[in-house]
Amino acid sequence: MTRRAVVTGVGHYLPERVVPNSEFESTLDTTDEWIRSRSGIERRHFAAEGETTSDLATKAARAALEDAGCDLDAVDAIVVATSTADLTFPSAATMVQARLGMTSGFAFDVQAVCAGFVYALSNANALILSGQADRVLVIGAETFSRIMDWTDRSTCVLFGDGAGALLLEAQEGEGRNTDRGILAVDLNSDGRYKDLLYVDGGVSTQTTGHLRMQGNQVFRHAVEKLAKTANTSLERAGLTSDDVDWIVPHQANIRIIQGTAKKMGLGMDKVVVTVQDHGNTSAASIPLALSVGKQKGQIKSGDLIVTEAIGGGLAWGSVVVRW
Ligand code: ACO
């Protein structure tokens, strides 16, 4: 028998305020047409004043626990992927822990920008496989609206706020790739590319800063690295792209999503797409897409899913999971 980390619950939360592309037309030299055609984004959600990343994360976590029918007492750990925690410390994860009313176990954040959820899933999987935890809440939550430069049309129209969560539970599998659960992981980073995507402020420089991105340079890295990491994970699981039911990609740009699927030899009918409604929610985008994909009846038990993401670092990676 082989221990596996199986997804038993999924949920999400989006802030109430929906901002269509047209709202930017009055303050920036941009158009709904440019944003749609270059990125695929039509609208995004922005958190209300005073609404923080841990607020969004807590709501997504409750939805995942409810979906799993799991008592809070049974949860051993919380891992939050975020680059926009409420405070420098404590972690967003311990704030979620307190809000849920969980007084045992442990909680910590993972920061790998848009690849954060893939990194968090990998960490949670390792906790379960090593026997350190039986049930782990894995959350991706962001308020990127707080780090936008509202005068920079090349970035501020692309991002949104939101949160998604999964409950991972230890179950016994047969050690085959027909088992439910996480089957393979591939993580990568290359810090030489820092200047392509970063926030020009932080604690050690005593500034807050704004997101800066050389979008077309990141784009160039994205399709190749994403298809490669997805294929590497599939190979590690003893599978190929022919076995994939759904690609659930990081939702940054529809052209990156289409290019990656094409490079993997898969049609868009095999891809869960939410970028039009959420924009780029960084570490929240994959769990949001998993939750929406399940709600819409796309993702079903037993489906083979590949998630892949790239972001600041550069950091990128993928996870193969049988739902
Ligand atoms: N409205 C109108 N024109 C614009 C806008 C806008 N909102 N933004 C930029 N432009 C202009 C540019 O100024 C440029 O004009 P120029 O030719 O006169 O200089 C022109 O449009 C083309 O700009 P590009 O940046 O080359 O456009 P591109 O087709 O590359 O699309 C985009 C830009 C959408 C940012 C794309 O490059 C992209 O999605 N990149 C990848 C983003 C990504 O995946 N990031 C990683 C995850 S994010 C994270 O980790 C936080």
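How far is an oxygen atom of the ligand from an N or O atom in the side chain of Arg-255? The distance is 3.0 Å. The model is a predicted one, so every value here is computed from it.

## Contacts with the ligand

Arg-255 is one of several residues with a polar contact to the ligand. The table sets three such pairs side by side. In each row, the partner is an oxygen atom of the ligand.

| Residue | Protein atom | Distance to a ligand oxygen atom |
|---|---|---|
| Asn-253 | polar side-chain atom | 2.7 Å |
| Arg-255 | side-chain N or O atom | 3.0 Å |
| Asn-216 | backbone N or O atom | 3.4 Å |

Now take the ligand's surface. Taken alone, the ligand exposes 1,000 Å². The protein buries 74% of that area.

## The site around the ligand

Where does the ligand sit? Its place is the second largest pocket. There are 27 residues around the ligand. Those that come nearest are Thr-30, Arg-38, Cys-114, Arg-153 and Asn-253. Asn-253 also appears in the table, with its polar side-chain atom 2.7 Å from a ligand oxygen atom.

What kinds of residue form this shell? The shell divides into 14 nonpolar, nine polar and four charged residues.

Four elements each give two or more residues to the shell. They are helix 1 (32-39), helix 5 (215-236), helix 6 (254-263) and strand 12 (304-311). Helix 5 provides the largest share, with four residues.

Both domains take part. Domain 1 (2-173) gives at least three residues to the shell, and domain 2 (181-322) also gives at least three.

## Unusual backbone spots

Next comes the backbone. Two peptide bonds deserve a look. The bond from Phe-89 to Pro-90 is cis, and its omega is near 5°. Pro-90 belongs to the loop between strand 4 (77-81) and helix 3 (92-100). The bond from Gly-313 to Leu-314 is also cis, with omega near -10°. Leu-314 is in the loop that runs between strand 12 and strand 13 (315-322). Strand 12 is also among the elements that give residues to the ligand's shell.

Phi angles add two further spots. Val-113 is not a glycine, yet its phi is positive, at about 50°. Val-113 is placed in the loop between strand 5 (106-110) and helix 4 (116-129). Gln-206 likewise is a residue other than glycine with a positive phi, near 50°. Where does Gln-206 lie? Its loop is the one between strand 9 (197-199) and strand 10 (211-213).

Key: Residues numbered from 1 in each chain as written. Predicted model: local features only at pLDDT ≥ 70, side-chain atom pairs only at ≥ 80, totals over all residues. Heavy atoms only, no water. Near = heavy atom within 4 Å. Polar contact = N/O pair within 3.5 Å; in protein donor to acceptor, adjacent residues only side chain to side chain. Areas by Shrake-Rupley, 256 points an atom, 1.4 Å probe, with all protein chains shown as cover. 1 Å grid on protein atoms, 1.4 Å probe; cavity = no way out; pocket = protein on both sides within 12 Å on 5 of 7 lines; lining within 4 Å. Sits in = over half its atoms within 2 Å of the grid points. Nonpolar A, V, L, I, M, F, W, Y, C, P; charged D, E, K, R; others polar. Domains from an automatic or database assignment.
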